[in-house]
Amino acid sequence: MAVMRPTGRFDAFRALSERRGKAGERLVERLAQVRKGTTADPGSWAPAVAAGLRLPAAAALGPAAYYADLRAPHGRRHVRVCTATACFAAQAGRHVTQVEQELGVTAGAVSPDGGTSLQAVRCLGYCYAGPAALDGATPCTGPSLPGQLAGREPPTAPRIPVADDTGDPVLLAGAVAGEPAWQVWPQIVTAGDPARVRREVAASGLRGRGGAGFQVAAKWEAAGRTPGTVVVANGDEGDPGSYADRLLMEADPRRVLEGLALACFACGARRAVVLVRSEYPQALARMREAAAEAYADGHFGPRVHGTDTTLDVGVVEGAGSYVAGEETALIASLEGDRGCARPRPPYPTARGLWDEPTVVNNVETLAAVPWIVARGGEAYARRGTPEETGTKLVCLSERFARPGVYEVELGTSLARIVSELGGGLKEGSELTAVQVGGPLGGFLAPDALDVPLTTAGLAARGAALGHAGLVAFDQHVAPQDLLRHVWEFAAAESCGACSPCRVGSGRGLELAGAGAGPGDEWKRLAHVLAEASLCAFGRRIPPAVHSLARVYGDRLAGWGP
């Protein structure tokens with residue numbers, strides 16, 4: 001039977017798709033370049049960007065209206081102030097109003113002369129020193145933040161405090177122990193043994209550290225080692241309260257890239273992409289510098305270390321979206337689309353970036369791979385718990401007496417992390433709640449911290465491991481204000497792809513603003529969010545709110561399950 005060749009409109013559609021694919025990788029970057037030079041609405045300049053790439057106007061208007069960095073007007077001086085959970089907890093959110101007063105402009109607006117613009121963002125990775133802002137690319141942090149932005153005081157941005165609690169760090173081997181990177185990759189690639197990488201990672205039991213916790217070896221295997229496979233390093237660390245990926249990309253970018261090279265070799269991939277969130281300008285610069293060094297040293301490029309292996313790696317910048325950290329939304333953003341979650345199946349390992357098999361691994365996940373290959377998967381599997389092996393970076397927020405990044409073994413008691421490593425709260429403050437695993441992770445009361453740091457252990461308490469950021473709250477934050485903060489985040493960061501989350505998050509914010517406990521209406525809304533949302537973002541809102549209600553009891557009556 002003869003095979004019919006597609007003709008007519010299908011051929012035209014395919015040609016447009018191919019052109020869209022080639023131009024899409026540059027679209028968001030071009031949009032960002034134009035946005036930084038104008039205060040105008042995207043409708044006045046985005047179509048011209050599309051035309052320059054031979055794309056329809058709608059191809060540019062979609063992402064330009066979606067991503068926070070592209071929507072926000074940019075004055076000659078552009079300031080991004082953090083409104084995320086750790087910075088909110090530092091001063092109960094008062095810093096935003098203070099910054100607005102100092103700059104003479106409200107968040108989301110630009111001064112009449114176009115001189116100064118202010119953008120509210122949700123996490124800049126300075127959770128250990130908040131509240132925080134970026135004045136251009138210059139960080140300002142701490143209680144004197146308004147004065148720093150006004151020029152009365154010099155910018156202050158302390159380095160991330162780090163400590164190892166394992167005795168033999170995996171992820172902090174460079175940052176704490178000074179162990180150099182690029183010790184494993186040259187040996188593996190010249191030996192031509194990708195099966196060894198797959199075997200050791202499978203034996204290690206390593207799970208993704210970005211929140212979903214999927215078995216890394218299984219994800220690699222699902223991609224099938226086909227010629228077009230792409231590996232994406234996900235540096236879009238959007239969970240407020242977590243800054244571990246920022247630490248790794250800034251302090252030890254070579255280790256991240258070495259783990260990426262090993263992952264590519266194991267998956268048969270010849271191309272990789274590193275996505276770094278725009279809120280991390282220093283991390284973006286460090287990753288680009290390290291990638292250029294890797295090419296110069298023969299770790300990347302054609303005929304890597306004299307072998308037949310080719311590996312091309314690009315580092316790209318995000319444009320401001322929490323949901324774009326979810327792997328299907330991240331792929332959409334890399335293609336130049338709105339960063340919305342996509343239905344699955346097909347899974348990215350079958351059809352991902354440009355319809356090629358795609359493996360998305362978080363930065364922390366990749367940073368563990370060199371240690372695992374060098375020391376052996378069994379050595380890694382002996383750490384942590386039998387069900388959840390290995391180590392994890394835990395981030396403690398500014399309210400702790402000793403904030404910073406700690407490497408701990410999975411299964412470590414949360415109570416020990418809070419009281420011994422973190423030293424409790426600073427300035428004699430009273431601990432009222434701990435948020436675990438990001439804004440939609442969950443809240444625990446001070447007397448409910450006798451739980452192991454594992455996915456299963458936290459889930460049993462109504463929380464989630466996520467990126468393992470711990471944000472502490474004290475008596476200065478009112479429960480109702482914290483509830484409203486959770487809903488504000490949900491409403492602002494919902495990608496809008498599905499109506500249960502888009503409409504539900506807005507309605508939840510309305511109910512929280514009303515003050516009174518919503519009772520049965522909240523229960524109906526929670527059911528719809530949990531059962532009908534397209535991705536984990538919407539589905540996680542009800543458990544997060546329920547956990548907060550359990551912590552504060554009668555003070556949040558009506559918000560329980």
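C123 is a good place to start: this residue is buried, with a relative accessible area of 1% (buried means under 20% relative accessible area, exposed over 50%, and partly exposed in between, with a 1.4 Å probe and protein chains only). C123 sits in the loop between β3 (116-121) and β4 (132-135), where helices (H or I, at least four residues) and strands (E, at least two) are DSSP runs numbered from the N terminus. Its phi is near 100°, a positive value in a residue other than glycine.

Before going on, a word on the model: it is predicted, so local features need pLDDT of at least 70 and side-chain atom pairs count only at pLDDT 80 or more, while totals for chains, interfaces and linings use all residues. Residues are numbered from 1 along each chain as its sequence is written, and side-chain values use heavy atoms, with hydrogens and water left out.

**Backbone**

A468 also has a positive phi, near 70°. This residue lies in the loop between α18 (455-459) and β15 (469-474) and is buried at 0% relative accessibility. Cis peptide bonds, with omega about 0°, join R344 to P345 and P345 to P346. Both P345 and P346 are found in the loop between α14 (327-334) and β10 (358-362).

**Cores**

A nonpolar core is a set of buried Ala, Val, Leu, Ile, Met, Phe, Trp, Tyr and Cys residues joined through side-chain atoms within 4.5 Å. The largest one here has 133 residues, and W220, L260, F473, W487 and W559 have the most contacts inside it. Helix α12 (residues 253-267) gives the most to this core, with 10 residues. A second, separate core has 24 residues, among them L410, V436, V451 and A468.

F473 has contacts (heavy atoms within 4.5 Å) with residues including F88, L425, F443, L482 and Y552, leaving aside those up to four places away in sequence.

**Salt bridges**

With a salt bridge taken as a side-chain nitrogen of Lys or Arg within 4 Å of a carboxyl oxygen of Asp or Glu, the count comes to 30. Here are some of them:

| Pair | Closest N to O distance |
|---|---|
| E102 and R152 | 2.7 Å |
| R344 and E326 | 3.6 Å |
| E398 and R399 | 2.8 Å |

E102 lies in helix α6 (residues 94-103) and R152 in the loop between α7 (145-150) and β6 (162-164), so this pair ties together parts 50 residues apart in sequence. E102 is partly exposed at 33% relative accessibility, whereas R152 is exposed at 56%. Both E398 and R399 are buried.

R344, already met at a cis bond, is partly exposed at 38% relative accessibility. Salt bridges link R344 in a network with K219, E326 and E327.
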